[in-house]
Amino acid sequence: MNRAMLLPSRALPPSRFLGLKNFSRAENMIRKMTVTSQYSFFSTSMTNSDTIPSKVVPSAKQALEGCIFPGASINCGGFGLGGLPETLLNELARTDEAKNLTVASLTASVDDFGIGKLFAAGKVKRMISSYVGENELFAEMYFNGQLEVELTPQGTIAQRMKAAGSGIPAFFTPAGVGTIYSEGGVPIKHSSDGKDVVISSPKKETRLFDGIEYVLEESLPADLAIVKAYKGDTKGNLVFRGTARNANPDCAMSGKVCIAEVERIVEAGELDPDEIHLPGIYVDKIILAKDNEKRIERLRLSSASAPTISGGREVMIIRAAKEFKDGMYVNLGIGIPTLASNFVPEGVHIELQAENGMLGLGPYPSTEEEADGDFVNAGKETVTPNKGASTFSSSESFSMIRGGHVDLTILGGLQVSQQGDLANWIVPGKICKGMGGAMDLISAPNAKVVVTLDHVAKDGTPKILTECSLPLTGRRVVDRIITDLCVFDCDKHGDGGLTLIEMSNDTTIEEIKSKTACDFKVLDEIKAMQ
């Protein structure tokens, strides 16, 4: 028993009850307080037993009993292959009651692993995700009408999950404003021959705050939340590790029932209270992870031979690195933007932020033994943390981004318009990998957005246009365009359009004009790209 305040009844003589004028009334009150004992206990404990109830369940099968039924909704933690509840997903794939499921997760795993096993087993009716580009079976099922897909910005998914567990039915976000995501029309289900769209996303409500448009998003509760943690105690308190935390804490909050699988289970009291990332109040059952492959999706080593970079790509990479200024917090997209981090100018220190939950990304690991599936960047590549790095949840990561705390975002593009519109996530009927975190990143207030892309497509078609022909990622969001030929500045807040400020030594203004499908201004003194 917790005897936090142990007060002998003799310590409170009736004469000391100064607030009671009638002595006999005071005496009667004290007599009632001490009927069962000579002591009165004021305790913070809810039990007089030293035995603490345990939330540990012997197996995934037993944990899922009574939680799964046809048509159930499941929110699943994980990003790429990191932080996936492998044991629970494998058991779900074998569970007869698990069918016609609606599954929500940041990404869709890969073929025959993680959530991919649910697709292979035909368990999923609808998937809510931000990026699905690494799963071929998923793409096949989506385009032939076997699978419904709600593509949603990554930060929005994490925040919707967190809102569900916070008693917040809806919220406003700038991500997706002015695109088919907010205006309606994203294909959710195709016909069996893939030629027609059977179900499209509806138009979302928007509202102006201080002259800025925001999208209304509803919370994302689930019948069941399944999450993965590094360590947990018998009361359900959880500790995560590295970027494997991702959306797991947000997901855990969102379920009517939450089952956590962990790599280590310890007794209650063994975890320091300040060490706990997610309190046990959100967790109903906990199991020991039996399937814990922790597969690495993209092994990248610093000791490996650097990829050969030449021509226009080399020009873009080196020029993109010149955008780095000392003290900046920077988010880099996959491909050329990430490679630019290898060319940080001398004397410049930047902090790299990854939307999957790390600030202070360091180099690739030097050996396979050093590579750790719990530490990956947003491209799912193995990385190491720099000194002073920190890790956090997906919702926290996108709070940094949307809150304007990231100074610079560099990402790739398919098309850019002269007003600064960006298209980089879908080619209708051909490619639909998802927007990932791009819509969140480019909507961040006060952040500088730089886009890198080839000036023309392989067939010679210009990628810089008066208006983008592909669905937009964001409207009026691009500050600067870096191509293999030149650099444009965009007046995204006004009507100034594009201004040519730099160009390669190997090109001319006439060539740039011939390969650009919109008008642009030319700076009086154009610098050479270096």
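## A strand pair to start from

Look at alanine 354: its opposite number in S18 is methionine 358. Bear in mind that this is a predicted model. The two strands involved are S17, covering residues 351-354, and S18, covering residues 358-361. They run antiparallel to each other, and two bridges hold the pairing on record.

## The sheet around it

Zoom out, and S17 and S18 turn out to belong to an open sheet of 10 strands with mixed pairing. Reading across, the order goes S19-S18-S17-S16-S20-S23-S25-S26-S27-S28. At the edges sit strand S19 (385-391) and strand S28 (521-528), each with pairing on one side only. From one strand to the next, the twist averages 25°.

Helix H9 (residues 311-321) packs on this sheet. The strands that H9 touches are S20 (408-412), S23 (448-452), S25 (480-482), S26 (486-491) and S27 (497-503). Take the direction of H9 against that of S25 and you get about 145°.

## Two helices that cross

Now for a helix pair: H6 (residues 154-164) packs with H11 (residues 394-402) at an angle of about 125°, and their axes are 9 Å apart. That angle is why H6 counts as oblique to H11. The crossing of H6 past H11 is left-handed.

Who makes the contact? From H6 come Gln154, Gly155, Thr156, Ala158, Gln159 and Lys162. H11 supplies Ser394, Ser395, Phe398, Ser399 and Arg402. Sorted by class, the contact of H6 with H11 has seven polar residues, two nonpolar and two charged.

Key. Residues are numbered from 1 along each chain as its sequence is written. This is a predicted model: local features need pLDDT of at least 70, side-chain atom pairs count only at pLDDT 80 or more; totals for chains, interfaces and linings use all residues. Side-chain values use heavy atoms; hydrogens and water are left out. Two strands pair if DSSP finds at least two bridges between them. Helices (H or I, at least four residues) and strands (E, at least two) are DSSP runs, numbered from the N terminus. Axes are lines fitted to C-alpha atoms, for helices over the stretch in contact, and angles run from 0 to 180 degrees between N-to-C directions. Contact means heavy atoms within 4.5 Å. Angles under 35 degrees count as roughly parallel, over 145 as roughly antiparallel, 65 to 115 as roughly perpendicular and the rest as oblique. A crossing is left-handed if the near helix is turned anticlockwise from the far one by less than a right angle, and right-handed if clockwise. Ala, Val, Leu, Ile, Met, Phe, Trp, Tyr, Cys and Pro count as nonpolar, Asp, Glu, Lys and Arg as charged, and the others, Gly among them, as polar.
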